[in-house]
Amino acid sequence: MNKGDAFELTCGLRGAVQNGAQVINMSLGFWDSTVPIPLYNALKFAEDNGVLVVMSAGNEGKDLRDSVNELGQRIYRWPGAFQIIEEINQEQGLNLRPFSNLIVVASLDEMGQEVASYSNYNPNIVNVLTQGAFRTIGLNNEVVDLAGTSMTAGFVSKIVALALAHTPALRPRDIIDLLTDPANLKVNPIFEKAVSSRGRLAIESDDFYLNMGIPIVGDDFATEPPEDVVVSPNPFFKDIYFRLHDGSTSYSDLELKIYDLCGQLVYQKTCNGESVMHWDGSTTSGEDLPDGLYLYALRVNGKPFCGKVLKFWRN
């Protein structure tokens with residue numbers, strides 16, 4: 001766990017590009033005084049194929065341009081240091097081309113007001129700043145709270161993937177420009193020493209997602225379902241049921257919407273005087289949907305609940 005080497009990393013990058021990846025998340029890094037040329041070549045391969053690479057800034061709480069080893073030599077955290085490859089060229093007598101497909105992300109603190117104490121930073125290297133603390137599901141299906149630039153990198157990669165899903169013609173440079181556009185940021189002088197854009201992503205604003213080309217689902221996803229809303233079986237093969245209470249109470253206003261992961265509405269049903277909603281895994285018009293993860297929005301007498309369901313094929 002949490003181990004690897006530059007060779008494996010290089011092979012993984014090339015393999016991802018060759019298999020059609022459009023965005024690569026690199027929640028990793030290592031410190032060295034010399035340029036890792038095989039990694040440089042692999043990232044250039046990604047750039048030549050139009051692949052965007054999102055990298056975590058790291059969790060040492062350091063200035064990424066002001067670090068030295070025990071011998072007093074200046075060291076860099078790779079692969080993020082490729083953001084300043086022209087500067088490194090001058091120091092080390094190299095002639096390596098700069099990149100146009102790299103994003104390095106740093107994390108905010110839990111309040112979203114300052115750069116997190118653990119997050120590395122430097123405005124010449126970091127170009128995106130956003131939340132770093134997330135609540136998610138652990139390996140044993142328990143709810144866990146995690147924080148770090150790896151979580152931030154994954155979050156930004158998700159935004160990039162959604163943008164590409166809706167606008168496939170976007171180039172890496174286009175996406176970077178969108179993520180660093182002042183219209184999509186909350187600019188604050190406190191961030192000037194941390195990130196080149198001098199602002200954090202305005203992810204709380206609908207305009208941010210609309211500017212990224214990501215449609216807004218609306219307020220369907222306002223809250224998690226209470227314990228008395230039972231969704232089963234989940235995962236499901238053919239049929240899934242949304243039961244309210246014990247099934248004996250009917251409601252005057254029920255609405256079920258199913259969305260795919262691109263935010264597209266694929267199924268919708270309304271009914272009155274029922275306590276159970278059923279979905280057979282098809283679209284509203286009856287076309288079968290592919291296996292995968294879907295989002296549901298269930299409205300009960302005008303109150304929204306949401307969650308995820310997994311459809312899979314069973315032999």
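Before anything else, a definition: a residue is called buried when its relative accessible area is under 20%, exposed when that value is over 50%, and partly exposed in between. With that in hand, phenylalanine 242 counts as buried, because its relative accessibility is 0%. Please keep in mind throughout that what you have in front of you is a predicted model.

Let me stay with phenylalanine 242 for a moment, and with its aromatic contacts. A search of the whole structure finds 11 aromatic pairs, and I will go through two of them. One joins phenylalanine 236 to tryptophan 279 in a tilted arrangement, with 5.5 Å from centre to centre and 55° between the planes. Phenylalanine 236 belongs to the loop between strand S11, residues 229-232, and strand S12, residues 240-244, whereas tryptophan 279 sits in strand S15, residues 276-279, so that this pair links distant parts of the chain, 43 residues apart. Are these two residues buried or exposed? Phenylalanine 236 has 0% relative accessibility and therefore counts as buried, and tryptophan 279, at 0% as well, is also buried.

The other pair brings us back to phenylalanine 242, which meets tyrosine 296 edge-to-face, at 5.0 Å centre to centre and with 65° between the planes. Because phenylalanine 242 lies in strand S12 and tyrosine 296 in strand S16, the pair ties together parts that are 54 residues apart in sequence. Tyrosine 296 is buried too, with a relative accessible area of 3%. Elsewhere in the chain, Tyr40, Tyr76, Trp78, Phe82 and Phe99 form one aromatic cluster.

Strand S16 leads us to the sheet. Here we have an open sheet of 4 strands, in the order S14-S13-S16-S17, and the pairing is antiparallel. Which strands stand at the edges? They are S14, residues 265-271, and S17, residues 303-311, and since each has a single partner strand, one side of each is left without a neighbour in the sheet. On average, neighbouring strands of this sheet are turned by 15° against each other, with direction ignored. As a general reminder, strands of a sheet pair through backbone hydrogen bonds, either parallel or antiparallel. Within this sheet, strand S13, residues 254-259, runs antiparallel to strand S16, residues 292-300, and 6 bridges join them; tyrosine 259 stands opposite leucine 295 in S16.

On the edge strand S17 we find phenylalanine 305, which counts as buried because its relative accessibility is 8%. Phenylalanine 305 is 49 residues from leucine 256 in sequence, and their C-alpha atoms are 9.7 Å apart in space. Glycine 263, in the loop between S13 and S14, is partly exposed, with a relative accessible area of 21%. Its C-alpha atom is separated by 29 Å from that of alanine 57, which is 206 residues away along the chain.

Finally, I would like to turn to the helices. Helix H1, residues 6-18, packs against helix H2, residues 37-48, at an angle of about 10°, and their axes are 9 Å apart. Angles under 35 degrees count as roughly parallel, and H1 and H2 are therefore roughly parallel to each other. On the H1 side the contact is made by Leu9, Thr10, Leu13, Arg14, Val17 and Gln18, which meet Pro38, Leu39, Asn41, Ala42, Leu43, Phe45 and Ala46 in H2. Of the residues in this contact, 9 are nonpolar, 3 are polar and 1 is charged.

Terms used. Residues are numbered from 1 along each chain as its sequence is written. This is a predicted model: local features need pLDDT of at least 70, side-chain atom pairs count only at pLDDT 80 or more; totals for chains, interfaces and linings use all residues. Side-chain values use heavy atoms; hydrogens and water are left out. Two strands pair if DSSP finds at least two bridges between them. Helices (H or I, at least four residues) and strands (E, at least two) are DSSP runs, numbered from the N terminus. Axes are lines fitted to C-alpha atoms, for helices over the stretch in contact, and angles run from 0 to 180 degrees between N-to-C directions. Angles under 35 degrees count as roughly parallel, over 145 as roughly antiparallel, 65 to 115 as roughly perpendicular and the rest as oblique. Contact means heavy atoms within 4.5 Å. Ala, Val, Leu, Ile, Met, Phe, Trp, Tyr, Cys and Pro count as nonpolar, Asp, Glu, Lys and Arg as charged, and the others, Gly among them, as polar. Rings of Phe, Tyr and Trp (its six-membered ring) pair if their centres lie within 6.5 Å; planes under 30 degrees apart count as stacked, over 60 as edge-to-face and the rest as tilted. Buried means under 20% relative accessible area, exposed over 50%, partly exposed in between (1.4 Å probe, protein chains only).
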